[in-house]
There are 2 protein chains.
Amino acid sequence: MDFNQDKHMGSVPEQRFLPHIAYDSVIFGFSGEQLKILIMEYHNTGMFALPGGFVRVDEPLNDAVRRGLRERTGLDNIYLEQFYTFGSLERYQPEVMETILQANGFAVDDFRWMLDRFISVAYYALINYNKVNAQPDALSDSIKWYPLNDLPPLILDHADIVAKAHRTLQENLERKLVGMNLLPSRFTMKELQKVYEAILGTPLRRTTFQRKMLSLGILKRHEKRYSGKAHKAPYLYSFEGE
Amino acid sequence: MDFNQDKHMGSVPEQRFLPHIAYDSVIFGFSGEQLKILIMEYHNTGMFALPGGFVRVDEPLNDAVRRGLRERTGLDNIYLEQFYTFGSLERYQPEVMETILQANGFAVDDFRWMLDRFISVAYYALINYNKVNAQPDALSDSIKWYPLNDLPPLILDHADIVAKAHRTLQENLERKLVGMNLLPSRFTMKELQKVYEAILGTPLRRTTFQRKMLSLGILKRHEKRYSGKAHKAPYLYSFEGE
DNA sequence: TACTATTGTCTCATTATGTGACAATAGCAA
DNA sequence: TTGCTATTGTCACATAATGAGACAATAGTA
């Protein structure tokens, strides 16, 4: 989360946030043949959470999320999709935020609004793992990649949010041709296949996968990539239009 | 929208709402071989809008929507799906709500919170047209069915909401096997096909459709329905499990 | 030059879908 | 009763998509 550390926050219009409304982002990256997401750890609490934030009173919701992503990853023009808004009562646990504020030396009274009930609009983002320069926010001392199947325990309903993000990503994989957003602009067919396998959680048949991808007509073939290994070198591809 | 008409609303805890947060519902029904949705018209304004409402401070978001649907349609246990949360600045038009309040004889000062910026969580519902007993809310004098392709001009971004609801419904049609929710519990294959055609907006091939539906193994075949017409009578089907 | 791992492509089998044919009605008219 | 018509359920065949394996073409190493 990001918010003005000035105790008199309310006095700066651009820094006033809509109460009760937050967003959380599940930021997917791909590395070591695994799907990973960015998780923040709050100072001195051992608590882990998705990167999220608040919406300024004069700011479009989607802009708020892009702003947060830029601050957290240094990246612009990210593939981003809103997938669900979480509004159960179980996610209302003021003790959690209180602990976090106290551990950071903030006077709880000055941030009482953060202890309120929040409804959170959740987004997932797909980014090129190698381009990220992850930056923690004011309350957290780290933001790190964790494999999707080996996450630390997350606060509130963040584990549900991650699960739903993953499910939505699986459903959208073919329909929105989304796999290439997790790779650098040039990639081999095998790399693309590994991305699909990581997202779906099942192995795919090499020949069928290659035929299918090529038949879509959205890949442009470039030169080969010589890896130095003792075998035929694969072609590099890019997503049509890059 | 539904809210306590007592001017001292804030004093009744169950009737206090989360500020800045609303929901809107696109309620689909099927009649006359057409997709229709429920639209409300506000008293003395000529303004049309989707049925919506607010979330009580101690109420889960999804419950709030189901409550609103029950009040508006008299139905319980409705097929309901959240599909997007709208948070642009274009949807902030305090004049609109002000006009509506004034036209209903409410003192605007007592409902100033309704003139604020709202983020709206949008849901679509699929219901059996014939079971609905539509009830207008405190501000509107009618709630009526309109064919999807012949809607009155809607306030704010409600036309966008409807368009996105329709798109999402189309995408979910096969994946979630959702068509039967628009029909009575027993229906003919032709009726089901008409629903699919209305949702997708394209004609479907009778034999292929029938084969596909039967192969899914989710339909139970019952007795025939004799319509009095001079031709072979079709079987009735139900969704497996009813 | 032989050998290995990997890649690109082809072939054939299997499954799904498009397209039309056809027999089986249910009521009506003769 | 016997045709007649519109509609339904099912089948048959053609076409398209996918599963599954075979195989030749490398890029390096031994």
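In this predicted model, the residues of the surface near DNA strand D divide by class into seven nonpolar, seven polar and eleven charged. DNA strand D is surrounded by 25 residues, and the closest of these are A:H231, A:K232, B:R206, B:H231 and B:Y235, so named from both protein chains. Of the atoms of DNA strand D that come within 4 Å of the protein, 57% are accounted for by sugar and phosphate.

Individual polar contacts give a more detailed view of how the protein meets DNA strand D. On the side of chain A, a polar backbone atom of A:A230 is placed 3.2 Å from a base nitrogen of the strand. On the side of chain B, a backbone N or O atom of B:A230 lies 3.1 Å from a base oxygen of DNA strand D, while a backbone N or O atom of B:Y235 lies 2.8 Å from one of its phosphate oxygens. The elements that contribute two or more residues to this surface are α5 (206-215) of chain A and α5 (206-216) of chain B, and the largest share, five residues, comes from α5(B).

DNA strand C is likewise surrounded by 25 residues, and here the closest are A:H231, A:Y235, B:T208, B:H231 and B:K232. Sugar or phosphate holds 51% of the atoms of DNA strand C within 4 Å of the protein, and the rest belong to bases. The surface near DNA strand C has six nonpolar, seven polar and twelve charged residues. At least two residues of this surface are supplied by each of two elements, α5 of chain A and α5 of chain B, and α5(B) gives the most, with five residues.

Several contacts with DNA strand C involve chain B. An N or O atom in the side chain of B:R205 is 3.2 Å from a phosphate oxygen of the strand. Two further contacts reach bases through the protein backbone: a polar backbone atom of B:A230 is 3.1 Å from a base nitrogen of DNA strand C, and a polar backbone atom of B:K232 is 2.8 Å from a base oxygen.

Turning to the fold of chain A, the model contains five helices and ten strands in this chain, and the C-alpha trace spans about 65 × 35 × 35 Å along its principal axes. Buried residues make up 51% of the 242 residues in chain A. Among contacts in chain A between residues at least 6 apart in sequence, 72% join residues that are at least 24 apart.

One part of chain A is an open sheet of three strands, in the order β8-β10-β9, with antiparallel pairing. The edge strands of this sheet are β8 (187-188) and β9 (219-224), each of which pairs on one side only. Strand β9(A) is joined by four bridges to β10 (residues 235-239) of chain A, and the two run antiparallel; A:K220 stands opposite A:S238 in β10(A).

Helix α1 of chain A, which comprises residues 61-73, has 13 residues and reaches 18 Å from its first C-alpha to its last, close to the 18 Å expected at 1.5 Å a residue. The buried residues of α1(A) are A:L61, A:A64, A:V65, A:R67, A:G68, A:L69, A:R72 and A:T73. The residue that follows α1(A) is A:G74, with a positive phi near 75°.

How values were computed
Residues are numbered from 1 along each chain as its sequence is written. Chains are lettered from A and ligands numbered from 1 in the order in which they are written. This is a predicted model: local features need pLDDT of at least 70, side-chain atom pairs count only at pLDDT 80 or more; totals for chains, interfaces and linings use all residues. Side-chain values use heavy atoms; hydrogens and water are left out. The expected span of a helix is 1.5 Å times one less than its number of residues. Buried means under 20% relative accessible area, exposed over 50%, partly exposed in between (1.4 Å probe, protein chains only). A residue is near a molecule or strand if one of its heavy atoms lies within 4 Å of it. A polar contact is a pair of N or O atoms within 3.5 Å; within protein, one must be able to donate a hydrogen and the other to accept it, and residues adjacent in sequence count only if both atoms are side-chain atoms. Ala, Val, Leu, Ile, Met, Phe, Trp, Tyr, Cys and Pro count as nonpolar, Asp, Glu, Lys and Arg as charged, and the others, Gly among them, as polar. Two strands pair if DSSP finds at least two bridges between them. Contact means heavy atoms within 4.5 Å.
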